[in-house]
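Hi,

Here is the structure I promised to pass on. Have a look at it first, and then read my notes below.

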Amino acid sequence: MSLPVGYAIRPADPATDLAAAVAILRACDQHDVGFADATEAWILDDWTGSSHRGAWIVEDGAGGACAFANVGATDPGSTIDSFLPVLPAHRETLRPALLAFVEREARAVAVGAPTLIASFSGSEGAGPVAQMQGFSFSRVFWHMARPVDASFRAAAPPAGVTIRPYVAGDDDRLSWRLIDQAFAGHYGIDPMTYEAYRHDVIEVELWDPSIV
């Protein structure tokens with residue numbers, strides 16, 4: 001499988017490609033939803049997480065980065081995830097071939113017949129392209145936000161329920177068990193080991209137990 005003439009794809013290097021990847025994602029978000037809040041730490045978490053199976057940068061004829069792709073799987077026999085943000089000007093030309101590339105890479109790590117989830121940074125034109133290549137529409141994820149200003153008042157917890165601060169170290173396994181049980185059977189989420197949870201949550205740059 002090759003990309004259209006004038007494009008090249010190569011493995012992403014976390015040491016040198018983070019700035020380019022976050023610029024692509026922020027440009028996509030700004031175009032698709034009107035705001036952009038992605039950071040390098042978000043992408044680095046994907047590229048170094050326990051489920052990471054590969055990441056690639058796509059460059060145009062001038063050598064500029066215009067897309068990237070991630071493939072990940074906690075359990076490659078159950079679900080394989082992919083993410084394909086493409087700059088708006090390149091979507092029509094690049095998306096079909098990039099989706100085919102991601103499917104090929106997913107098949108290389110698949111065990112049996114897992115579900116391949118292809119997520120796009122925006123829905124503009126993505127649905128028909130994916131459907132023509134054998135995918136079916138599954139769901140949309142919404143980014144929801146609300147302001148928390150001086151008028152905010154927290155509701156009291158239900159009777160018999162206590163809310164307390166997280167205790168770093170002591171609560172690590174508890175939080176892992178809670179998340180594992182709460183999301184059991186949830187769409188696209190496979191159980192992870194405690195070691196993988198520590199790697200992906202407790203030990204990442206963004207982890208802050210003071211707000212848990």
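**The overall layout**

The protein chain has six helices and five strands as its secondary structure. Keep in mind while you read that this is a predicted model. If you walk along the sequence, the elements come in the pattern β-α-α-β-β-β-α-β-α-α-α. The C-alpha trace spans about 65 × 45 × 35 Å along its principal axes. The chain has 212 residues, and 32% of them count as buried.

**Two helices that cross**

Start with helix α1, which covers residues 18–33. How far apart are the axes of α1 and α2, and at what angle do the two helices pack? Their axes are 9 Å apart, and the angle is about 110°. Angles of 65 to 115 degrees count as roughly perpendicular, so that is how α1 and α2 lie to each other. The crossing of these two helices is right-handed.

Two residues of α1 are worth clicking on. V22 sits in this helix, and its relative accessibility is 10%. Buried means under 20%, so V22 counts as buried. Between V22 and S119 there are 16 Å from C-alpha to C-alpha, and the two are 97 residues apart in sequence.

A19 is also placed in helix α1. Is A19 buried or partly exposed? With a relative accessible area of 46%, A19 is partly exposed. Its C-alpha atom is separated by 8.9 Å from that of T39, 20 residues apart along the chain.

**Helix α3**

Next, find helix α3, residues 91–109. This helix has 19 residues and reaches 26 Å from its first C-alpha to its last. At 1.5 Å a residue you would expect 27 Å, so to speak by the book, and the value is close to that. Which residues of α3 are buried? They are R91, L94, R95, A97, L98, L99, F101, V102, E103 and A106. Remember F101 from that list, as it turns up again below.

**Aromatic pairs**

How many aromatic pairs does a search of the whole structure find? It finds five. One of them is W47 with F68: the ring centres are 6.2 Å apart and the planes are at 85°, so the pair is edge-to-face. W47 belongs to helix α2 (residues 40–48) and F68 to strand β3 (residues 65–72), so this pair ties together parts that are 21 residues apart in sequence. Both W47 and F68 are buried.

W56 and F101 make another edge-to-face pair, with 5.1 Å centre to centre and 85° between the planes. Why does this pair tie together parts that are 45 residues apart in sequence? Because W56 lies in strand β2 (residues 52–59), while F101 lies in helix α3. W56 is buried, and so is F101.

There is also a cluster to look for: ring pairs link W47, F68 and F83.

**Arginines over rings**

Two arginines lie over the face of a tyrosine. R139 does so with Y187, at 4.0 Å from the ring centre. R173 does so with Y194, at 3.9 Å from the ring centre.

**Two more residues to visit**

R53 is part of strand β2. Its relative accessibility is 36%, so R53 counts as partly exposed. R53 and A73 are 20 residues apart along the chain, and 6.7 Å separates their C-alpha atoms.

Where is G134 found? Look in the loop between α4 (126–132) and α5 (172–182). G134 has a relative accessible area of 66%, and exposed means over 50%, so G134 is exposed. From the C-alpha atom of G134 to that of Y7 the separation is 24 Å, and these two residues are 127 residues apart along the chain.

Happy browsing!

Conventions
Residues are numbered from 1 along each chain as its sequence is written. This is a predicted model: local features need pLDDT of at least 70, side-chain atom pairs count only at pLDDT 80 or more; totals for chains, interfaces and linings use all residues. Side-chain values use heavy atoms; hydrogens and water are left out. Helices (H or I, at least four residues) and strands (E, at least two) are DSSP runs, numbered from the N terminus. Buried means under 20% relative accessible area, exposed over 50%, partly exposed in between (1.4 Å probe, protein chains only). Rings of Phe, Tyr and Trp (its six-membered ring) pair if their centres lie within 6.5 Å; planes under 30 degrees apart count as stacked, over 60 as edge-to-face and the rest as tilted. A charge sits over a ring if NZ of Lys or CZ of Arg is within 6 Å of the ring centre and within 35 degrees of the ring normal. Axes are lines fitted to C-alpha atoms, for helices over the stretch in contact, and angles run from 0 to 180 degrees between N-to-C directions. Angles under 35 degrees count as roughly parallel, over 145 as roughly antiparallel, 65 to 115 as roughly perpendicular and the rest as oblique. A crossing is left-handed if the near helix is turned anticlockwise from the far one by less than a right angle, and right-handed if clockwise.
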